[in-house]
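These entries record what I looked up in the structure shown below. I kept each entry short.

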Amino acid sequence: MRRLFFMIWKELLELRQDKRMLPIVFVAPILQLLVLGYAATTDVKNVPIVVVDADRSSGSRDLIRTFDASPYFTVTSVVSSVNEIAPYLESGRAWMALAIPVRYGQMIGAGAPTTVQVVADGTDANSTNIALGYATNLVAAYAQDLMTKRSPGRSLPAGLQADVRVWFNPQLESKDFMIPGVLALLLIVMTVVLASMGIVREKEMGTLEQLNVTPLRRWQLIVGKLLPYGLIGIVDIFLVVGVARFWFRVPLLGSFGLLFLLSLVFLLSTLGLGLFVSTISQNQQQAMMTAVFFFMTPMIYLSGFVFPIENMPAVIRPVTYLIPLRYYLVIVRGIFLKGVGMAVLWPQALALLAWGLTILGLATLRSSKRAA
Amino acid sequence: MSVPQSASPDAIVVRDLTRKFGSFVAVDHLSFTVRTGEIFGFLGSNGAGKTTTIRMLCGLLKPTSGAATVGGRDVGRDPEGVKARIGYMSQKFSLYELLTVDQNIRLYAELYGVPPKRFAERRRFVLAMAGLEGREKALPRDLPGGFRQRLALGCAILHEPPILFLDEPTGGVDPISRRQFWRLIDQLSKSGVTVLVTTHHLDEAEYCHRLALIHAGRLAALGTTRELKQIFADRQLVEIRTERSVDVMRALDAMEEVEESSLFGTAVHAVLRSRDVEPSEIVARLAAQHLAVESVEPVQPSLEDVFLDVVEKAGRE
């Protein structure tokens, strides 16, 4: 126990002495949170639109005002001919064009059916889809409004209406979805990269061999190397959850205790992965490249962090079951946004635990075989 | 230094020790013994198998076949028992660069299990030995090579091991520090510590009591410096000074009486097959080929001559 204690003491001393480490451990998480919380948002707001007002009636102006008043759109220009919209869309000054035809006001006044045209820039298909949805809703709501105003007493035409309610994240705020994911991302980046590089550094310096001739047991060596990085992970858990909850106001509906506990289980698998990477790398650059390109990048893409697993081709989907991040993301988002507990999350927790123990065992076996 | 516990006169016994990496045989049926308190030199060019052997003897690498006991413990069956009895210092010096001198000493003392009662004394010993009193707070990377080397040695013997393995311990160290280092090794040996040291500096071999010459994983020669030089006992070694050394060597190699020739600094060393050959005769025959020679003198063989001769012979077999 005394030997293990001094291994950890040494590791923490080294971390404190290493001038580059502290910023990586504490500043990087905050930076990543800010970037993903603010910049990497899929919310569509203030979409610039150009309006072709061929009618120039009070009716058309009313529709334009409705668009401009909505938080989703900003009217950048009003032109008079459809021919004029191309330069706007090409240069990106507008993402969308709304064309109001001649005699629009007259038709509306008479209660006759009429159409407005929406032209959208499809380069960024995701955002355009969302913006189109907003535009359609906006026009529909506006039409409804007109109808009610005109004949307050009369009942509405018996149209079918879908009453959509979004659970767990009613505003469909992307930050509520992204930020809990950042916790998962950070833990994997911090612990896999730092742990693997920390071990390989000792290999490079020759101190690992020196440790191997001391009576230090293999498990003490492994625990002594991994535990300090686990501690960093724990600090990052508090940091990220704190910033998410109190700065970004992401609701934490479930139990923090459970989140913490399952995060430790997740750390088991990331530290095991770090150890595994260190056994297949000869120097720190190799460890870094192996960790980033062979493990982390595919894991992040296939975990459902950004792209929904349900949208992946059927061949790829089974692969995602091999990725611990997948389970942890379900856990983090479930606890944060749905407030669910072990009753729901036990399959994910179990899968994570199994994954962690397997990789740790494999890596330990590999590391002792190398010395044999 | 404590006196080794084992009463056996042999600290290290190696029998047919072999290690293969795939199809490459790094160490090939090596056998030798190292007596207690001896400084045993392991000499060979890079890649001869020195480091592989030392790593097997330290319990860091399992032998493919053969056996070795270190301090009475079998390296294959009881590597942990071996580790408890040895100190090991590699060519990298293996200090923690981000830890101070004092922190390095503390860490290794704890890892080696130095009893807390003994710690203060052992720490003083290492600081004095390395000449680092008053610089306990310095970082190893700020120290000159010689200090780092002695600190690494001190850390490797904090637990007073009866057997010490040194793998190329003088790499990157200036000549004066090297001399100081060897004086330390000599003191350790006098106090009863067995030292097995690898080197490819032939001048350092003079510090060793006995030498093993390793070539291509095999033991090519073994003995004291004097014994090794006996391989020239019934032959003659002459040094030839000439401006046309390459042409002279070519001419010498064509002669029946000359076994081999090699470039030695600016001169040529030639091994004559017997003591009966007259050096002047050789000169005359070189002159006949219009090869001017400044001088020809019989010389005492140096270790380098021995080493070249042994390697040459091993290559022929």
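Entry 1, charges over rings. I worked throughout from a predicted model. I began in chain B, where the charged end of Arg106(B) sits over the ring of Phe119(B), at 5.2 Å from the ring centre. I then turned to chain A and noted that Arg93(A) places its charged end over the ring of Tyr88(A), 4.6 Å from the centre of that ring.

Entry 2, aromatic pairs. I searched the whole structure and found 15 aromatic pairs over all chains. I looked up the pair of Phe40(B) and Phe42(B): the ring centres are 6.3 Å apart and the planes meet at 45°, so I entered the pair as tilted. That label follows because planes under 30 degrees apart count as stacked and over 60 as edge-to-face, with the rest tilted. I also checked burial for both residues. Phe40(B) is buried, at a relative accessible area of 0%, and Phe42(B) is buried as well, at 1%. In chain A, I recorded one aromatic cluster formed by Phe5(A), Phe6(A) and Trp9(A).

Entry 3, the surroundings of Ile331(A). I located Ile331(A) in helix H13 of chain A, which covers residues 324-338. Is Ile331(A) buried or exposed? I entered Ile331(A) as buried, because its relative accessibility is 0% and the cut-off for buried is under 20%. Setting aside neighbours within four places in sequence, I listed the contacts of Ile331(A) as Leu262(A), Leu345(A), Gln348(A), Ala349(A) and Leu352(A). For Gln348(A) I added the spacing: 17 residues separate Gln348(A) from Ile331(A) in sequence, and their C-alpha atoms are 7.0 Å apart in space.

Definitions and conventions
Residues numbered from 1 in each chain as written. Chains lettered and ligands numbered in written order. Predicted model: local features only at pLDDT ≥ 70, side-chain atom pairs only at ≥ 80, totals over all residues. Heavy atoms only, no water. Helix = DSSP H or I, 4+ residues; strand = E, 2+ residues; numbered from the N terminus. Buried < 20%, exposed > 50% of the residue type's maximum accessible area, 1.4 Å probe, protein only. Contact = heavy atoms within 4.5 Å. Phe/Tyr/Trp six-rings, centres within 6.5 Å; stacked < 30°, edge-to-face > 60°. Lys NZ or Arg CZ within 6 Å of the ring centre and 35° of its normal.
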